[in-house]
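Good morning, colleagues. Thank you for the time at this meeting; please have the sequence and the structure open as I speak.

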Amino acid sequence: MDKIYRFSSNRQIALNSAEGKASTLPIFVCFSCNTKTRFVNWQGYKTGNGGIKLNLVECSALPPHLRDLNPSQLEAVRHYTGPMLVFAGAGSGKTRVLTRRVASLVIDRKVSPSRIMAVTFTNKAASEMRERLEKLLGKRRAEQLWISTFHSACLRILRAHYKELKYRSNFVIYDQDDSISLIRRILKDMGASDATKRTARLCLGAIERAKNDNIDVDSFSYNPLFYNFSIDLRDVYKLYQKQLFEANAMDFGDLLMKTVRLFSENPSILEAYQRRFLFISVDEFQDTNRVQYIFLKLLSGKTQNLFVVGDDDQSIYGFRGADVAHIKKFKEDYPSAHIVMLEQNYRSTQNILDVANSIIKVGKKGNVKTLWTEREGGDPIFTYVAEDEEEEASFVADKINALVGEGRYKYGDFAVFYRVNAQSRAIEEAMLNEGIPYRIYGGVRFYDRKEIKDIIAYLRLIVNENDDHAFLRVVNTPPRGVGSITVGRLIEEGKKCGSLFHCARKAERSAGLKAFVSLIEELREFSRDAELEAIVRTVIEKSGYDAMLNSSKDEQSQSRLENLQELVFVAMSYRDVGKEAIQAFLDNVTLISAQDRHSSEGGDSSKGHVSLMTLHVAKGLEFPVVFLTGFENGLLPHIRSIEEGNFEEERRLCYVGVTRAKDILFLTRAETRGLFSSGFFREISPFALSIPDDKLEDLSGDFKGYAA
DNA sequence: CTTCCTGCCGTTTTT
DNA sequence: CGGCAGGAAG
């Protein structure tokens, strides 16, 4: 077995006798000088005093795809087989390690790229990784790799095996909005006293949690005292699954749960995938939930070649069922796993790291990772207290313009983070005022807009007439004389004849309904072999959506029309024709993450744009200059999180934010904020209190002034 | 059946 | 503040 030792000028690793067992084997020693790593092959043997004496055997440079790795990263990459856990701090090059390992498998190990799966946290991370690998492996080989999120990977598998699950082809995916209105209908049906959106969301939350834990209808149980309403949550879950199935639809949780179920109920299918995927790697492993872990365990069952990379300090998706305990579980389930720690941070200055460490260290017992960097010193962390959120935003905008004015940075180097999406509005306005180009990631998403969702509902109805939710959404949008009474009657009858659309076809009474049915059928006929762009354009026109918006005096109509134009533009990039095109489009629309979507843009973008995003979206990214806004108690630990006992997760969220910064970090807070009740006086975030004062430079003079 | 108005609620984070 | 749901009028 090869063993690699780090041997750099400023830090020398001790070669003790325990490791010296490898003395008759070749030992690789790496000299690290900035980014180029020399790869030197030594032969070592034990000396009398327990140390190792090294003899130079041969010298060679590393292969190109490993050349810019640092010694500890190299160690992680070059252990080829078996389970492996890379326990890596912020900015230690986790994703780089993962990418290079995939490249190394293909190049050094001659593994066929079609037999490697790499799971990333977001679709954006997946496409970035694919881009890198295209450069290292060439386009043809990179295309064969399975690089995707858990959800996309499962969707791909399910699309190939929908029959085993008794689904029909062209099943659709329901997003949270779809699910909530479905549950509302179920609640009303069951005669629940309270069928509001709020209750529906509560029910969906419970169901989602169950699915994250791979608990299906039969084994589902809950605490009825917690949900103090009349109906039985188990019945809701049961009906929900039944209606999803009848609508030929799945929700997000189903994608994973049904894949796991497919595997456990059909050993031959599982075996085929086990044989196919010789190597599986997972990024951001700390945010893996139970059903995802089961998926990984099943898939890697044969080869055990599971390579996971994660940082327990950056676990921030607990609300989605993510559990750091899976890192521990991994060590137990794979006792032979190699474990590599990456503690060097290649991103931030020492000052930024000190602040990050001071935040994360509090309340942690033992086993603390200590990150270090060669970027000593650096700028202090700047702090600022604003009167309100608007002043905070204009402070940010001023600083950005000042720094750009100095010529050191361009707009693309800046990021502004916040805890909740609602905070983006004030910042957005300040950016517009100062003429700063910006982009909001997440927030009110393009595909969440009403007009877009309506057109998408039409598309869904075209490929799948059983999609009752889509039916209800657009049957009277634009208005065609099908009101709540007609719809109510239809739902009553719908219980007998399957889907609502089926039922509507038979209903002769309502002229509006007849018009709707023939509209959809006409559109379906048209879509048979048309290009996606033409399909979308036709839907917008023939449905009367176009006319409705054009004749409306509402000011929003113009921007709605523009959004629809944008949708047509997006559709142009799809090559397929007919149903397949719509299918691919719909899959993308529901699965692509907030990071891929920019909802608004301002100014010209020749110098890039400032990125505005929530702390959650910021995970995995880095920026030279970072503004962390709303550093207030109740907001950055968010009050709801505190109430639910997730205080520590908020601390990690804060840590994630701070460690995104390469050079300069600003922490800002406002004394009042109109966000909740206005005029409410806000005190500083408790996370600020552990930061040593000598690392801070306070631009307002009282950043910590109001601390309790 | 649609539209408009009023009042109330709620206001984390996301694949 | 803003969005949405439900009710009354047109």
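I shall begin with the chain as a whole, then turn to the core, one strand, the DNA and finally a few single residues.

Please keep in mind that this is a predicted model. Chain A contains 27 helices and 20 strands. Of its 708 residues, 54% are buried. If we take the contacts in chain A with a separation of 6 or more, 75% of them are between residues 24 or more positions apart.

Let us go to the interior. Which residues of the largest nonpolar core touch the most other members? The core has 48 residues, and the answer is Ile455, Tyr458, Leu459, Phe471, Phe516 and Val536. Helix α16, residues 450-463, supplies the largest share of this core, with nine residues. Phe516 may serve as an example. Setting aside residues up to four places away in sequence, Phe516 touches Tyr458, Leu461, Phe471, Val474, Val475 and Arg480.

Helix α16 also holds a charged residue, namely Lys453. Is Lys453 buried or exposed? With a relative accessibility of 11%, Lys453 counts as buried, because the limit for that class is under 20%. The side chain of Lys453 makes a polar contact of 2.9 Å with the side chain of Asp175. Beyond its neighbours within four places in sequence, Lys453 is in contact with Asp175, Asp177, Asp178, Tyr447, Asp448 and Arg473.

I turn now to strand β5, residues 84-88. All five of its five residues are buried. Met84, Val86 and Ala88 point one way from the strand, while Leu85 and Phe87 point the other way. That is in keeping with a general rule: in a regular strand the side chains alternate between the two faces of the sheet. Which strands pair with β5? One is β11, residues 306-310, which runs parallel to β5 and is joined to it by four bridges. Within that pairing, Phe87 stands opposite Gly310. The other is β12, residues 338-342, which pairs with β5 in the parallel sense over five bridges. There, Val86 has Val340 as its bridge partner.

Next, the DNA. How many residues surround DNA strand B? There are 31, and the closest are His151, Arg419, Asn421, Asn476 and Thr486. These surrounding residues divide into twelve nonpolar, 13 polar and six charged. On the DNA side, 62% of the strand B atoms within 4 Å of the protein belong to sugar or phosphate, and the rest belong to bases.

Several side chains approach the backbone of strand B through N or O atoms. For Thr614, such an atom is 3.1 Å from a phosphate oxygen. For Arg320, the distance is 3.2 Å, to a sugar or linking oxygen. For His638, it is 3.4 Å, again to a sugar or linking oxygen. The elements that give two or more residues to the surface near strand B are α18 (484-494), α25 (615-618) and α26 (639-643).

DNA strand C is surrounded by Arg184, Lys197 and Arg425. An N or O atom in the side chain of Arg425 lies 3.5 Å from a phosphate oxygen of that strand.

I close with three residues in loops. Pro113 lies between α2 (94-107) and β6 (116-119). Its relative accessibility is 7%, and therefore Pro113 counts as buried. Not counting residues up to four places away in sequence, Pro113 touches Val106, Arg141, Gln144 and Leu145. Pro113 and Asn123 are ten residues apart in sequence, and their C-alpha atoms are 19 Å apart in space.

The remaining two residues concern the backbone. Most residues other than glycine have a negative phi. Asn214, although not a glycine, has a positive phi of about 60°. Asn214 is found in the loop between α7 (197-212) and α8 (233-246). Asn248 likewise has a positive phi, near 55°, and lies in the loop between α8 and β9 (249-251). How exposed or buried are these two residues? Asn214, at 26% relative accessibility, counts as partly exposed, whereas Asn248, at 2%, counts as buried.

Thank you for your attention.

Notes. Residues numbered from 1 in each chain as written. Chains lettered and ligands numbered in written order. Predicted model: local features only at pLDDT ≥ 70, side-chain atom pairs only at ≥ 80, totals over all residues. Heavy atoms only, no water. Core = buried A, V, L, I, M, F, W, Y, C linked by side-chain atoms within 4.5 Å. Buried < 20%, exposed > 50% of the residue type's maximum accessible area, 1.4 Å probe, protein only. Contact = heavy atoms within 4.5 Å. Near = heavy atom within 4 Å. Polar contact = N/O pair within 3.5 Å; in protein donor to acceptor, adjacent residues only side chain to side chain. Nonpolar A, V, L, I, M, F, W, Y, C, P; charged D, E, K, R; others polar. Pairing = 2+ DSSP bridges.
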